Structures are given as structure tokens and as C-alpha cells.
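Thanks for coming. I will go through one structure, starting from a single residue and working outwards.

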Amino acid sequence: MSDVLDEVYSVIYDRKVNPKEGSYVSSIYNHRKGLDKVLEKIGEEATEVIIAAKNGKEEEIVSECADLIFHTMILLASKDIPLAKIREEFERRKK
Ligand SMILES: N=c1c2ncn([C@@H]3O[C@H](COP(=O)(O)OP(=O)(O)OP(=O)(O)O)[C@@H](O)[C@H]3O)c2ncn1[C@@H]1O[C@H](COP(=O)(O)O)[C@@H](O)[C@H]1O
């Protein structure tokens, strides 16, 4: 059964293989910095999660965590790693 994360991942992957005008995801994939652009975004978003956790309200923490997960999915798609691999990893870690 697919959920919203699968749906968003699927759009992200499509933006990688079929770049779209005006698309944020395509702009990351086609950035002159290459892979470094998404790595930079992940670093920024992780910092924003930390700041939100220290000072923010629940809504802000949720929003920053969503940004971090979104950019992590862009990284996974860039490496052709399906979201299912992450699910499998969590299954494997279950005690
Ligand atoms: N879930 C998201 C999503 N979350 C966050 N963002 C974008 O990620 C960026 C977050 O970066 P920042 O918070 O640093 O804000 P910013 O200053 O605008 O970013 P930069 O200019 O520094 O890159 C913002 O531009 C947000 O709009 C997202 N953009 C797209 N999606 C999903 O991805 C799909 C494809 O989007 P497009 O590629 O734009 O068609 C959409 O249908 C959505 O489902």
C-alpha cells in the first residue's frame, strides 16, 4: 500500500528523469553544484530542525522535519535508492 511519502518520492524521481520547468526538485537536480546542492540543503534543514527543537513550537518542528525528510528523499532518488530500502532497514532493526 502506498502512502504520501511514496507518492512524493515518485514525483521526486520523475522530476529527476523528466526535468520540469519551474520545478523545485528539478532545480536541485540540475543545479551547477550537482550533488553538493542537495547535501548543502540537507545540512541546512538539519540545522533548522535543531533550532526548531530548541526554540520552536510543535508546528515548526514538524515543518522543519518534513523539509529534512523531503531533501533526504531527493538524495535517495539521486542515488536510485528506493524508499522501500529505508522501510526494509527499519524492519531489520526491529527488536
Ligand atoms: N514536499 C515538497 C516540499 N517541501 C519543501 N519544498 C521546497 O523546499 C524548499 C525548502 O527550502 P528552504 O526552506 O531553504 O527555502 P528556500 O529559501 O525557498 O530554498 P532555497 O532557495 O534556499 O533552495 C522550498 O522552496 C519549498 O517550497 C518542497 N517542494 C516540493 N515538495 C513536493 O515535491 C513535489 C514536486 O515539487 P516540484 O518539483 O516543485 O514540482 C510537490 O508536488 C510536493 O509534493
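Please keep in mind that this is a predicted model. We begin at S26, which sits in helix α2, residues 24-29. Is S26 buried or exposed? There are 17 other C-beta atoms within 10 Å of S26, and a residue counts as buried only from 20 upwards and as exposed at 12 or fewer, so S26 is partly exposed. If we set aside the neighbours within four places in sequence, S26 is in contact with R15, P19 and K20.

Next, the ligand. Which residues surround it? They are V8, V11, R15, S23, Y24, V25, S26, E44, D67 and F70. By class, that shell has five nonpolar, two polar and three charged residues. Helices α1 (4-17), α2 and α4 each contribute at least two residues to the shell.

S26 and D67 both belong to that shell. Along the sequence they are 41 residues apart, and in space their C-alpha atoms are 16 Å apart.

That brings me to the helix pair α3, residues 35-55, and α4, residues 58-78. Their axes lie 9 Å apart and make an angle of about 160 degrees. An angle over 145 counts as roughly antiparallel, so that is how α3 and α4 run relative to each other. Their crossing is left-handed.

As for who meets whom, the α3 side includes L35, V38, I42 and V49, and the α4 side includes I61, L68, L75 and also D67. In total, the contact of α3 with α4 has 12 nonpolar, three polar and six charged residues. D67 therefore comes up twice, in the ligand shell and in the contact with α3.

How values were computed. Residues numbered from 1 in each chain as written. Predicted model: local features only at pLDDT ≥ 70, side-chain atom pairs only at ≥ 80, totals over all residues. Axes fitted to C-alpha atoms, helices over the stretch in contact; angles between N-to-C directions. Helix = DSSP H or I, 4+ residues; strand = E, 2+ residues; numbered from the N terminus. Parallel < 35°, antiparallel > 145°, perpendicular 65-115°, else oblique. Left-handed = near helix turned anticlockwise from the far one by under 90°. Contact = placed C-beta atoms within 7 Å. Nonpolar A, V, L, I, M, F, W, Y, C, P; charged D, E, K, R; others polar. Near = placed C-beta within 6 Å.
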